[in-house]
Amino acid sequence: MSVEIIKAENLSKYYDDFLAVDHISFSVEHGEIFGFLGPNGAGKTTTIRMLTGILEPNSGKVKIFGLDMKRHKIEIRERTGIVPEMANPYIDLNAMQNLMLMGKLYGMKRREIEERSIELLKLFNIYEKKNAKVRAFSKGMKQRLSLAMAMLPDPELLFLDEPTSGLDVMSARMIKRIIREEQKKGKTIFMSTHNMQDANELCNRVGIINHGKLVAIDTPEKIKKIGEKHKIIELSLYPLKFQKDAFEEKIEVLGDKIRIYTEDVDETIRKIVKYAENENLKILTLNVEKPSLEDVFMVLVGEGNE
Ligand SMILES: Nc1ncnc2c1ncn2[C@@H]1O[C@H](COP(=O)(O)OP(=O)(O)O)[C@@H](O)[C@H]1O
Ligand SMILES: [Mg+2]
């Protein structure tokens with residue numbers, strides 16, 4: 001039986017007269033890792049702030065654990081862990097003091113906070129630094145501590161706003177591993193990201209948001225299927241003299257590689273060959289590829305032709 005843990009109904013948010021989140025609806029079921037994927041400025045943080053009761057929506061309704069956010073904010077908060085976009089530990093306190101403070105906010109007993117803190121500091125590999133002021137922490141260490149603070153009361157639901165963004169490889173990997181472990185323990189995770197790779201390897205389902213609108217919501221594999229009628233021809237030419245305007249297809253130039261998005265591989269290859277002949281260019285390589293999740297994302301958010 002599926003249990004709805006998060007339900008967003010017709011959520012909107014204006015900043016003055018700018019519509020940052022545009023009537024979005026979706027739900028997340030118990031035990032899912034749900035990825036909220038979108039470019040910068042898409043409305044991810046604003047949505048998370050509404051889902052966690054920090055920001056009041058202009059329209060729509062949030063239900064968490066089946067409870068209405070407006071009427072049950074305190075109970076929802078007690079059962080939820082939040083890692084905001086900006087790391088939130090106090091830099092003048094040490095790691096242990098930050099955890100103690102968070103535990104008190106959650107109403108936990110001192111003994112319980114201490115035991116759980118030690119367990120989490122070890123899990124996140126910052127136990128040796130427990131007495132060091134957070135001021136001296138790297139970005140990755142701060143983020144690991146933020147996640148430890150959110151996990152302190154062992155919440156059923158975690159909201160993580162870009163948990164791996166801008167981190168060193170080791171911290172990012174550790175955080176992803178711990179997110180998976182939390183899921184195995186039966187927790188539900190809602191995470192935002194602008195990183196397709198993270199969404200692909202971590203999430204059971206992904207919602208793609210662009211300019212405040214939800215443009216797709218499905219499993220990573222099914223989202224890739226949306227783009228299946230598109231193929232990508234990747235080629236390199238010598239010398240690298242390439243006029244994008246010669247083609248009407250969506251084109252990206254990455255280093256010495258030219259990527260052409262097409263629905264008609266045969267026709268586009270013929271055009272490429274003719275172009276190379278006319279311009280006296282040599283075709284060094286030419287591959288036809290299936291779109292990755294990132295490519296589909298580019299097609300959906302329409303930002304491949306800059
Ligand atoms: N406090 C605010 N006041 C005015 N505009 C804001 C505010 N916060 C965010 N915005 C704007 O709303 C849009 C969505 O922002 P945000 O939710 O932070 O997106 P994301 O987290 O996906 O990068 C952006 O255009 C951003 O500039
Ligand atoms: Mg954000």
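**Exercise 1. The lining of the largest pocket**

Task: In this predicted model, determine how the residues of the lining of the largest pocket divide into nonpolar, polar and charged, and state which elements give two or more residues to that lining.

Solution.
Step 1. Sorting the lining residues by class gives 10 nonpolar, 3 polar and 1 charged.
Step 2. The pocket itself has a volume of about 410 Å³. Its lining comprises 14 residues, and those closest to the centre are Ile-82, Asn-88, Met-102, Leu-105 and Tyr-106.
Step 3. Two or more lining residues come from each of strand E6 (80-83), helix H3 (95-105) and helix H5 (139-151). The largest share, 4 residues, belongs to H3.

**Exercise 2. A salt bridge within one helix**

Task: Locate the salt bridge between Glu-115 and Arg-111 in the secondary structure, and classify Glu-115 and Arg-111 by accessibility.

Solution.
Step 1. The closest N and O atoms of Glu-115 and Arg-111 are 3.1 Å apart, which meets the criterion because the cut-off is 4 Å.
Step 2. Both residues belong to helix H4 (residues 110-123), where a separation of 4 residues corresponds to about one turn of the helix.
Step 3. Glu-115 has a relative accessible area of 46% and is therefore partly exposed, whereas Arg-111, at 60%, counts as exposed. The boundary for exposed is over 50%.

**Exercise 3. Salt bridges between distant parts of the chain**

Task: The structure holds 27 salt bridges. For the pairs Glu-156 with Arg-79 and Asp-154 with Lys-187, identify the parts of the chain that are linked and assess the accessibility of each partner.

Solution.
Step 1. In the pair Glu-156 and Arg-79, the closest N and O atoms lie 2.6 Å apart. Glu-156 is in the loop between H5 and strand E7 (157-161), and Arg-79 is in the loop between helix H2 (69-78) and E6, so the link spans 77 residues.
Step 2. Both partners are partly exposed: Glu-156 has a relative accessible area of 32% and Arg-79 one of 25%.
Step 3. For Asp-154 and Lys-187 the corresponding distance is 2.8 Å. Asp-154 also occupies the loop between H5 and E7, while Lys-187 sits in the loop between helix H6 (169-184) and strand E8 (188-193), 33 residues apart.
Step 4. Asp-154 is partly exposed at 39%, but Lys-187, at 9%, is buried, the limit for buried being under 20%.
Step 5. Through shared partners, salt bridges join Asp-154 and Lys-187 with Arg-116 and Glu-119 into one network.

Conventions
Residues numbered from 1 in each chain as written. Chains lettered and ligands numbered in written order. Predicted model: local features only at pLDDT ≥ 70, side-chain atom pairs only at ≥ 80, totals over all residues. Heavy atoms only, no water. 1 Å grid on protein atoms, 1.4 Å probe; cavity = no way out; pocket = protein on both sides within 12 Å on 5 of 7 lines; lining within 4 Å. Points joined across faces, edges and corners; volume = space filled by probe spheres on them. Nonpolar A, V, L, I, M, F, W, Y, C, P; charged D, E, K, R; others polar. Salt bridge = Lys/Arg side-chain N within 4 Å of Asp/Glu carboxyl O. Buried < 20%, exposed > 50% of the residue type's maximum accessible area, 1.4 Å probe, protein only.
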